[in-house]
Every structure is written in C-alpha cells, then in structure tokens.
Amino acid sequence: MADEVKVEVGGEYQQPTNGSAGLQSQVPGQSTTVSGVAGSTGGIAPGNLVERDIDKDLFRFKSNDTPLMQLMLMAKSVKVSSPEVDHYMIDEPRSYITGTEAVVESNSAQFMLPLEPTDVNVPQAYGTLLVQGVDGWTPDGQKQTPGKELMLFVVGVNTDTGNPICRAVNGPKQNPDDEYCTTPAIPAGSTFVLLANAMYETQKEVAPDLIVPQPTTIFLQKRGMNQIVSDYFESQKKRIPFGKALIAEQAITNFKVRGNRTLYASRQSKFTVQTKIGPQSVYTTEGVRWQVKKVLQHMGKWTFEQLIALAKMIFTGEDVPKSVIVLCGKNFLENIQCIDYKNHPEIQICKTTNEKLGWEVTAVHTVFGDFEFKHDPTLDRLRWSNSALIVAPDRLVHYVYKSEHTAKDRIEGEEASREALLTWDALALKGSCHIWIDGESATIDGNVNDTAAHIHMWADETAPVSPQEGCVYYLLVDCPEIGDRAKSGTMWQYKNSAWAPYEGELTWN
C-alpha cells in the first residue's frame with residue numbers, strides 16, 4: 001500500500017480530498033504550487049515532475065460534461081440592469097377557456113358568461129366562442145343539431161365583474177322568424193374554444209388581443225473562480241507539461257461542472273451577509289428542475305408505447321418546439337436503449353452529431369417528432385440517474401446582469417499572482433414544452449416540484465383508486481371508469497375531486 005499522502009499548507013498538513021474518481025488528488029482552496037501538485041500526485045519532489053508522469057487528458061477542458069451550461073451559453077442572451085428579473089414564461093396564445101358556473105336557459109337575448117378571474121380578459125368584443133359538448137340549434141331555432149356545437153358571439157363586457165356578455169349565434173328561438181336567439185342552457189365547467197372575431201360591414205377597428213402574462217421573479221447568481229499561481233511554478237513551465245493555461249482549463253472545468261449542477265438543482269433565495277464594506281445581498285438562482293411546468297412520473301423500464309406517448313405529448317398541443325434534446329441520467333438512457341423496437345421498423349435509431357452543439361447524440365425518429373438523447377453526467381452526480389430533462393433549445397433565455405470579465409492582480413506579500421473569473425447570470429425557461437421525467441420517486445412528495453402539473457402514464461382499464469389532487473394521467477388504454485371520452489391517448493386530470501380532460505395548458509400557481 002502506498003504511503004499516506006499529506007500536503008503541507010501554511011505550516012500544517014492537510015489531507016487531500018477525493019476527486020470524482022475516488023483518487024486523493026484534490027487540494028481544495030490552495031494555491032497551485034509545484035510542491036502542492038507534487039504532493040497530491042504521489043509525493044514526487046519539486047523539480048522532478050516529468051512529462052510521462054502527467055496525464056494530459058486529466059486537464060483537458062470537456063464541454064460534454066456540462067451540456068446544460070453549453071445550451072445556456074448558446075441561448076438567446078438578454079442583458080438586464082438588475083439581479084432580480086421579471087421573467088415572462090409566455091406560452092402560445094390560449095385556445096380555450098373554461099366556465100365556472102352554469103348558464104340558465106331563459107328568454108333573454110344576452111347573458112353573462114361566468115369565467116375564472118384569470119380568464120375574464122381573454123374574450124374580446126366581437127369575438128366568437130365554440131361551446132364544446134353543447135349542441136346548437138337549426139337556423140329556425142326549433143330543434144337541436146346533434147354533433148354541431150353551439151357558438152357564441154361576444155357583445156361586450158360586464159362592467160361590474162369583467163365577465164363577457166354573450167349571445168348565441170345558433171341557439172334556440174321562440175319563433176322561427178325571430179332575429180335573435182334566446183339564452184341556451186350551458187353546464188358549469190364547459191369548455192369554450194376561442195375562434196376568430198366577426199366584424200360588422202363597415203367596421204375598421206377592433207380591440208387588440210389582450211395578453212396578460214404573469215411574471216415570475218428570477219434571481220441571477222454571481223459566480224466566481226479564483227486561481228493562484230506561484231512565480232516558482234510558472235518558472236517551471238518549460239520543464240513540466242502544464243503551465244498557467246492548462247491550470248486555467250482545469251479550474252474552469254471545475255467551475256463549469258459546479259455551475260452545471262447549479263443550473264439544474266439550485267433553489268432561489270436572497271439573503272444579506274456582512275462584509276468589510278458593509279451589508280450586501282447574495283442571490284442564488286432557481287434551477288430548471290424547479291422551473292418546468294410538467295413533470296412526468298415514470299419508474300423503471302420504458303416500453304415502445306410509452307415512448308410514442310411521450311413524443312405525442314411533446315410535439316402536439318399548444319406549445320410545440322422546433323426540436324428537443326433529452327439530457328439523461330445513465331440509467332434512464334440505458335432503459336431507452338433497451339426498448340424492444342424489432343416490431344417497429346418505422347422507428348429509426350442512429351448515432352449522429354448535433355451540428356450546432358458538436359455533441360454525439362442518439363437520435364430516435366418518430367412520426368410525431370425526433371428525440372436527441374444525450375448523457376449528462378451531472379444528473380448522475382445529483383443522484384438523478386433514472387431521470388431526464390426534455391428541453392427545447394429555442395425556448396431558453398440566458399439573463400446576464402454584468403458581462404463575464406476577468407481580473408488579475410499580485411498577492412500582497414507573496415510571490416504569486418491571482419486571476420479571477422466573474423459572471424452574474426441565470427438560465428430561464430420559456431413556454432410549457434419542457435418536461436422533467438422523474439424516475440426517482442413513484443409518488444408525489446415534498447421533494448418534487450409542487451408548482452408543475454404531474455403526469456402519470458396509465459395502462460389500466462380501471463381508474464386510479466386514490467389519485468392525487470391535480471395529477472394528470474396519460475391513458476395508454478381506454479378507461480371507461482374515468483369517463484365516456486377517456487380513450488387511449490387522451491389526458492385526464494383529477495381536479496376538485498372529479499375527472500376532467502387535460503389539454504396541457506400552462507397553469508400559473
């Protein structure tokens with residue numbers, strides 16, 4: 001057994017710590033000196049470091065180890081004037097709204113449509129709405145037309161409540177010759193699909209679409225890296241194979257690896273610390289793990305049917321990305337590779353290179369869209385080896401408070417120089433297409449994102465016995481216990497102790 005290695009620091013001995021491979025090769029927080037490096041690499045005396053004793057690959061800068069940070073650096077950069085940013089996760093325009101109370105049948109030509117407070121501003125005057133599940137009437141208004149749904153015309157707005165005032169376009173009539181329809185019965189919880197506006201003959205102006213996004217506050221985190229190189233060490237650069245540049249590469253690699261973990265898992269906070277120039281604020285940013293609005297709970301092996309369901313979930317709906325990259329833990333990637341594709345020759349799997357990022361990825365082509373699977377070692381370090389992040393590169397924003405800069409100065413009283421790298425930024429998600437696949441916990445608990453819609457894949461003809469409030473189920477088979485329309489391929493949410501169709505809309509909490 002080799003002798004125990006200790007490194008002398010400031011008159012005391014310090015035990016080197018383990019690196020990622022379990023080797024005691026790390027001397028945390030200390031200057032890079034010949035004696036320090038020699039001690040931590042096996043006790044080779046100063047002046048005896050020769051080229052064959054150094055693994056050049058150990059100091060090579062590897063962008064593949066930090067794919068999420070690489071995506072951030074390639075994302076749209078937005079310079080801001082404060083470390084606190086109002087971030088608008090704007091989705092594609094809403095396609096439908098939901099009523100809160102029933103509309104009672106009456107002889108009135110106009111009626112108020114009760115909506116959620118967050119939806120009252122969506123319908124505008126001269127707009128039209130299609131009422132799903134409610135049949136319309138014939139042109140004479142005397143009998144209903146099964147399968148041909150009711151349509152409403154928005155007349156104006158109730159000044160007291162803000163709810164839209166509507167009239168039926170193809171509703172019932174008291175007399176066949178009446179110009180206006182009467183108020184039909186509309187059940188509570190009905191879905192109203194937003195259609196185009198309908199203007200009168202000489203009309204030129206119409207109210208603009210009112211988009212009222214609700215911002216979330218994103219904190220930008222200031223991160224820094226210091227490296228100290230002694231003059232003696234620098235003078236040896238002709239005799240040893242790594243000088244200041246290679247030391248910087250290793251330091252930056254460590255800086256990026258820790259930063260990559262932060263981009264995934266950091267929790268947002270702001271607190272005050274006392275410094276030599278007075279109290280100052282420290283910001284920590286919010287990791288994308290907690291920013292996603294859809295969490296798919298999935299344990300164990302994947303099937304072909306589940307993969308196709310996942311593709312459908314991503315590439316259909318309201319917010320469809322141009323492309324997605326799946327950053328995977330090692331166990332998740334193994335499960336995807338082990339799916340039995342032999343009965344599905346139409347599915348193409350190949351190893352390819354992402355030209356923009358320069359990564360080798362496993363590409364899977366489906367009828368709905370293409371996946372690019374990339375192993376991210378950071379997920380393994382975070383103990384999320386069974387999980388994955390589905391991210392759309394075109395839906396990322398890189399907020400920058402102050403541009404990255406470096407500084408160099410001499411250390412007073414020492415024959416050494418310090419170089420510092422400082423950056424102050426944050427990564428934020430836009431839209432609702434991003435999905436976190438949680439393969440670590442089968443049920444919702446206090447450790448998962450409670451601001452997201454939690455999605456389960458359900459392959460049973462019977463409904464879940466005790467579903468969690470707010471959970472969403474993607475049905476792989478017909479499930480008549482949930483509802484008559486609960487067919488395979490549809491999504492249903494258990495909300496307010498009842499089942500309702502889920503369309504994947506972005507929900508704000």
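Which strands does helix H6 (residues 330-337) lie across, and at what angle does H6 run to E21? Helix H6 lies across E18, E20, E21, E22 and E25. Its direction is at about 135° to E21. The model is predicted.

**The sheet**

Eleven strands make up an open sheet with mixed pairing. Their order is E19-E20-E21-E18-E22-E25-E17-E26-E27-E28-E29. Strand E19 (348-354) and strand E29 (498-501) are the edge strands, and each pairs on one side only. From one strand to the next, the twist averages 30°.

Helix H5 also packs on this sheet. H5 touches strand E17 (294-297), E20, E21, strand E22 (388-391), strand E25 (435-438), strand E26 (453-458), strand E27 (472-475) and strand E28 (491-495). The direction of H5 makes about 110° with that of E21.

Strands of a sheet pair through backbone hydrogen bonds, in either the parallel or the antiparallel sense. Both senses occur here. Strand E20 (residues 359-365) and strand E21 (residues 370-375) run antiparallel and are joined by four bridges. Within E21, Glu-372 stands opposite Ala-363.

Strand E26 pairs in the parallel sense with E17, over four bridges. Ile-455 of E26 is the bridge partner of Leu-296. E26 also pairs with E27, again parallel and over four bridges. There, Met-457 stands opposite Tyr-474 in E27. Five of the six residues of E26 are buried, so E26 is largely enclosed by the rest of the structure.

**Aromatic rings**

How many aromatic pairs does the model hold? The count is twelve. One of them is Phe-315 with Phe-371, an edge-to-face pair with centres 6.1 Å apart and 65° between the planes. Phe-315 belongs to helix H5 and Phe-371 to strand E21, so this pair links parts of the chain 56 residues apart. Both Phe-315 and Phe-371 are buried.

Trp-384 and Trp-436 form another edge-to-face pair, at 5.3 Å centre to centre and 75° between the planes. Trp-384 sits in the loop between helix H7 (377-381) and E22, while Trp-436 is in strand E25. The two are 52 residues apart along the chain. Trp-384 and Trp-436 are both buried. Trp-384 has a charged neighbour too: Arg-289 lies over its face, 5.9 Å from the ring centre.

Elsewhere, Trp-458, Tyr-473, Tyr-494 and Trp-499 form one aromatic cluster.

**Salt bridges**

The structure holds five salt bridges. Three of them are listed here.

| Acidic residue | Basic residue | Closest N and O atoms |
|---|---|---|
| Glu-84 | Lys-270 | 2.7 Å |
| Asp-425 | Arg-223 | 3.2 Å |
| Glu-286 | Arg-267 | 3.5 Å |

Glu-84 is in strand E6 (residues 84-87) and Lys-270 in strand E15 (residues 269-275), 186 residues apart. Glu-84 is partly exposed, with a relative accessible area of 33%. Lys-270 is partly exposed at 43%.

Asp-425 is in strand E24 (residues 416-429) and Arg-223 in strand E14 (residues 221-230), with their positions 202 residues apart in the chain. Are Asp-425 and Arg-223 buried or exposed? Both are buried.

Arg-267 lies in the loop between helix H4 (244-265) and E15. Its partner Glu-286 lies in the loop between strand E16 (278-284) and E17, so the pair ties together parts 19 residues apart in sequence. Arg-267 is partly exposed, with a relative accessible area of 48%. Glu-286 counts as buried because its relative accessible area is 15%, under the 20% cut-off. Arg-267 has a second partner: it lies over the face of Trp-290, at 4.6 Å from the ring centre.

**An exposed lysine and a covered helix**

Lys-322 lies in the loop between helix H5 (304-315) and strand E18 (325-328). Lys-322 is exposed, with a relative accessible area of 75%. Beyond its neighbours within four places in sequence, Lys-322 is in contact with Asp-394 and Arg-395. The C-alpha atoms of Lys-322 and Asp-370 are 9.7 Å apart, although 48 residues separate the two along the chain.

Helix H2 (residues 67-74) is mostly covered, with six of its eight residues buried. The buried ones are Pro-67, Leu-68, Met-69, Gln-70, Leu-71 and Met-72.

Key. Residues numbered from 1 in each chain as written. Predicted model: local features only at pLDDT ≥ 70, side-chain atom pairs only at ≥ 80, totals over all residues. Heavy atoms only, no water. Buried < 20%, exposed > 50% of the residue type's maximum accessible area, 1.4 Å probe, protein only. Contact = heavy atoms within 4.5 Å. Pairing = 2+ DSSP bridges. Axes fitted to C-alpha atoms, helices over the stretch in contact; angles between N-to-C directions. Phe/Tyr/Trp six-rings, centres within 6.5 Å; stacked < 30°, edge-to-face > 60°. Lys NZ or Arg CZ within 6 Å of the ring centre and 35° of its normal. Salt bridge = Lys/Arg side-chain N within 4 Å of Asp/Glu carboxyl O.
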